[in-house]
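Q: I would like to learn how to read a structure of this kind, going from one residue outward to its surroundings. Could you take me through it step by step?

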Amino acid sequence: MSSGGAIPRLVIAAPSSGAGKTTVATGLMAAFAEAGLVVSPHKVGPDYIDPGYHSLATGRPGRNLDAYLCGPERIAPLFLHGAAGADLAVVEGVMGLFDGASGMGELSSTAQVAKLLRAPVVLVVDASSQSRSVAALVHGFASWDPEVRLAGVILNKVGSDRHEALLREAMESSGVPVLGALRRDGRAGTPSRHLGLVPVAERRAEALASVRELAARVREGCDLTALLALARSVPELPDAAWDPAAEVRAAASGSRPLIAVAGGAAFTFAYAEHAELLTAAGAEVVPFDPLRDEQLPPGTRGLVIGGGFPEVYAPDLSANAPLRAAVAGLAASGAPVSAECAGLLYLSRAIDGMPMCGVLPAEARMTERLTLGYREAVALTDNALAAAGTRVRGHEFHRTVLEPGAGDGPAWGLTHPERRVEGFVTGGVHASYLHVHWAAEPSLAARLVAGAARQVPVAAP
């Protein structure tokens, strides 16, 4: 088992989206875990869904490494925190290797994260429509940025033995070793819908079978010995591991207010560090499932409702009238409530006409338009989550529209790439479309817990 900054690590990247990064990364994680290694899974960027498959493959929390949301200076510390005690860390990239935040150069790209982690990159290439050209493509990626160590290639979607032979012959002149070749195979496919892959929580049995099939394919087609040796060739990172206890202070009173965190199939979007920060700040964090539980956990004094797919589960969420009433009652009491995206919709009056909690004077509906991108924002007023003037970076990702989009007291004033107000602050409620990574601003967790500590628990009706 590795320790400190010498954790063996690989970054799995691709020339573009759709090449098979998730297939290969998840398969590698599962194959190494099945071989008895403790594998730490990571994902570049803000995506919540892929880490669910990573967690299923490894038995450890899938963690995100996003240099835009958290700052480049936190990437290695967050990595070391998440990978503590692991024998191997596998980092799945985002988009193409050099693609980052729009208009900001390499910021938040896979290449930047690989450099910050001093990790070798394995490029997954979709070889389905090329032979000799694959060598030119790999040569270009290998020479583009000398600081990126492109140390190997996995050929994906290979059509036949003859096709593989041609590809390998071409790659001999590139100077980059071929570490695997995977045939075209749809057996381990993962279904998608309007925001990407269907989350693990919605198809756990099928997802587990898919992950096992991916592991088998990777074992058959990849040189695991060479990949592990590559991972072990890394230098030690000089950074100290991120520590939630060092980021926030627990309440001196010793009180541990219970903060309920929504989960289940409808609310699957969460960063592991959020619960860790809440706990470090002195809270007792208790999950609940709005699809199944008719009441909030007994003694709830604060509530976190993250992202997910409430639009998919709107009929079932609406049918759970007792819980909707309990949430509305907690909000009316002034207890601190943090709601992001799906949580925002759940607190609204209705989604596509189906009644929700009615905490916010707004209604939501599905649209064909995808709202996607990084945002910079500032808190305009003191509220349960943020002090006035707190600046954050966040991410929007939804196909719904809320009307109106902001209340008299907005949650955030967006400052980049556009200027507008967004979300709702009312009583103790802070509700917004914006996903924020609290590791970049731990005061959000500390403020929420402090507010919960002052709150008298609401009795169940």
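**Reading outward from one residue**

A: Let us begin with Glu340, which counts as buried because its relative accessibility is 11%, under the 20% that sets the limit for that word. Please keep in mind that this is a predicted model, and that Glu340 has its place in strand 13, which covers residues 337-340.

Q: Which residues does Glu340 touch, leaving aside those up to four places away in sequence?

A: The general idea is to look for partners that the sequence alone would not suggest. Here Glu340 touches Tyr48, Ile305, Gly306, Gly307, Ser432, Leu434, His435, Val436 and Trp438. Two of these contacts can be described further: the side chains of Glu340 and His435 are joined by a polar contact of 3.2 Å, and a polar atom of the Glu340 side chain lies 3.1 Å from the backbone nitrogen of Val436.

Q: Where does His435 sit, and what stands opposite it?

A: When strands pair, one reads across from residue to residue. His435 is in strand 22, where it stands opposite His395, and strand 22 (residues 435-436) pairs with strand 17 in the antiparallel sense over 2 bridges. Strand 17 also pairs with strand 16, again in the antiparallel sense, over 12 bridges, and within that pairing Glu396 of strand 17 is the bridge partner of Gly373.

Q: What should I expect of the side chains along a strand?

A: In a regular strand, side chains alternate between the two faces of the sheet. With that in mind, consider a side-chain pair in these strands: Glu376 and Arg393 meet in a salt bridge, with an N to O distance of 3.2 Å. Since Glu376 lies in strand 16 (residues 363-378) and Arg393 in strand 17 (residues 391-403), the pair ties together parts that are 17 residues apart in sequence. Glu376 is partly exposed at 21% relative accessibility, and Arg393 is partly exposed as well, at 30%.

Q: How many salt bridges does the structure hold, and which residues do shared partners join into one network?

A: For each salt bridge, it helps to ask about the partners' places in the sequence and their exposure. The structure holds 19 salt bridges. One of them joins the side chains of Glu164 and Arg168 at 2.9 Å, N to O; these residues are 4 apart in helix 7 (residues 161-171), and therefore separated by about one helical turn. Glu164 counts as buried at 17% relative accessibility, whereas Arg168 is partly exposed at 32%. In another, the closest N and O atoms of Arg420 and Glu418 are 3.2 Å apart, and both residues are partly exposed, Arg420 at 29% and Glu418 at 36%. As for the network, salt bridges that share partners join Glu106, Lys115, Asp145 and Glu147.

Q: In helix 6, which residues are buried, and which are exposed?

A: A helix can be read by its length and by its faces. Helix 6 has 12 residues (133-144), which at 1.5 Å a residue should span 16 Å, and this agrees with the 17 Å between its end C-alpha atoms. Val134, Ala135, Val138 and Phe141 are buried; seen down the axis of helix 6, its buried residues fall within an arc of 130 degrees, so they line one face of the helix. Ala136 and Trp144, on the other side of helix 6, are exposed. The cover over the buried residues includes strand 5 (121-126), strand 6 (150-158) and helix 7.

Definitions and conventions
Residues are numbered from 1 along each chain as its sequence is written. This is a predicted model: local features need pLDDT of at least 70, side-chain atom pairs count only at pLDDT 80 or more; totals for chains, interfaces and linings use all residues. Side-chain values use heavy atoms; hydrogens and water are left out. A salt bridge is a side-chain nitrogen of Lys or Arg within 4 Å of a carboxyl oxygen of Asp or Glu. Buried means under 20% relative accessible area, exposed over 50%, partly exposed in between (1.4 Å probe, protein chains only). Two strands pair if DSSP finds at least two bridges between them. Contact means heavy atoms within 4.5 Å. A polar contact is a pair of N or O atoms within 3.5 Å; within protein, one must be able to donate a hydrogen and the other to accept it, and residues adjacent in sequence count only if both atoms are side-chain atoms. The expected span of a helix is 1.5 Å times one less than its number of residues. The arc is that of the directions from the helix axis to the C-beta atoms.
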